[in-house]
Amino acid sequence: MKVNGEICTCEPEMTVWSLLEQRGHDPRRVAVERNGTVVPRARFSEEMLHEDDVVEIVQFVGGG
């Protein structure tokens, strides 16, 4: 799988939620796109990832 342009190993039964945990992201502060489609936050723990997926994770940053 490719995550933010980098090759990443996809564990069996890996979900978007588990990928975020593995990479140290707070699921409440990111948006995730899988194969060109935004994954709703409510589906992070259900959305299964596959070896050929392309995932983009965008971190929200506060400031002013």
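Contact here means heavy atoms within 4.5 Å. Keep that cut-off at hand for the exercises below, which work through a predicted model.

**Exercise 1. Find which residues Lys-2 touches, leaving out those up to four places away in sequence.**

Step 1. Start with the place of Lys-2 in the fold: this residue is found in strand 1.

Step 2. Apply the contact cut-off, and the partners of Lys-2 are Ile-7, Asp-53, Val-54 and Val-55.

Step 3. Add the surface view. Lys-2 counts as partly exposed, because its relative accessibility is 37%.

**Exercise 2. Work out the order of the strands in the sheet and name the edge strands.**

Step 1. Take strand 1 (residues 2–3), which is joined to strand 5 by two bridges, and these two run parallel. Val-3 has Val-55 as its bridge partner in strand 5.

Step 2. Look at the pairing of strand 1 with strand 2, which is antiparallel and has two bridges. Here the partner of Val-3 is Glu-6.

Step 3. Move on to strand 3 and strand 5, an antiparallel pair with five bridges. Val-32 and its partner Ile-57 in strand 5 form one of the links.

Step 4. Put the pieces together: the five strands make an open sheet of mixed pairing, in the order 2-1-5-3-4. Strand 2 (6–7) and strand 4 (37–39) are the edge strands, since each pairs on one side only.

**Exercise 3. Identify the residues that touch the most other members of the largest nonpolar core, and the elements that give two or more residues to this core.**

Step 1. The core has 15 residues, and those touching the most other members are Leu-19, Val-32, Leu-49, Val-55 and Ile-57.

Step 2. Two or more residues come from each of helix 1 (16–22), strand 3 (30–34) and strand 5 (54–59). Helix 1 gives the most, with three residues.

Step 3. Zoom in on Val-55. Beyond its neighbours within four places in sequence, this residue is in contact with Leu-19, Val-32 and Leu-49, among others. The list for Val-55 also includes Met-1, Lys-2, Val-3, Asn-4 and Glu-33.

**Exercise 4. Decide whether Arg-34 is buried or exposed, and find the polar contact its side chain makes.**

Step 1. Locate Arg-34, which lies in strand 3.

Step 2. Check its accessibility. The relative accessible area of Arg-34 is 17%, so the residue is buried, the limit being under 20%.

Step 3. Look for a polar partner: the side chains of Arg-34 and Asp-53 make a polar contact at 2.9 Å.

Step 4. Widen the view to contacts beyond four places in sequence. For Arg-34, these are Val-39, Glu-47, Met-48, Leu-49, His-50, Asp-53 and Val-54.

Step 5. Link back to the first exercise. Lys-2 and Arg-34 are 32 residues apart in sequence, and their C-alpha atoms are 9.9 Å apart in space. Asp-53 touches Lys-2 and is also in contact with Arg-34.

**Exercise 5. Explain why Cys-8 and Cys-10 do not form a disulfide.**

Step 1. Recall the chemistry: a disulfide is a covalent bond between the sulfur atoms of two cysteines.

Step 2. Set the cut-off, which is a sulfur pair within 2.5 Å.

Step 3. Compare the distance. The closest cysteine sulfur to that of Cys-8 is in Cys-10, and because they are 7.5 Å apart, they are too far for a bond. The count is therefore zero disulfides.

Step 4. Finish with the surroundings: Cys-8 is buried, at 10% relative accessible area, and Cys-10 is buried as well, at 12%.

Notes. Residues are numbered from 1 along each chain as its sequence is written. This is a predicted model: local features need pLDDT of at least 70, side-chain atom pairs count only at pLDDT 80 or more; totals for chains, interfaces and linings use all residues. Side-chain values use heavy atoms; hydrogens and water are left out. Buried means under 20% relative accessible area, exposed over 50%, partly exposed in between (1.4 Å probe, protein chains only). A nonpolar core is a set of buried Ala, Val, Leu, Ile, Met, Phe, Trp, Tyr and Cys residues joined through side-chain atoms within 4.5 Å. Helices (H or I, at least four residues) and strands (E, at least two) are DSSP runs, numbered from the N terminus. A polar contact is a pair of N or O atoms within 3.5 Å; within protein, one must be able to donate a hydrogen and the other to accept it, and residues adjacent in sequence count only if both atoms are side-chain atoms. Two strands pair if DSSP finds at least two bridges between them.
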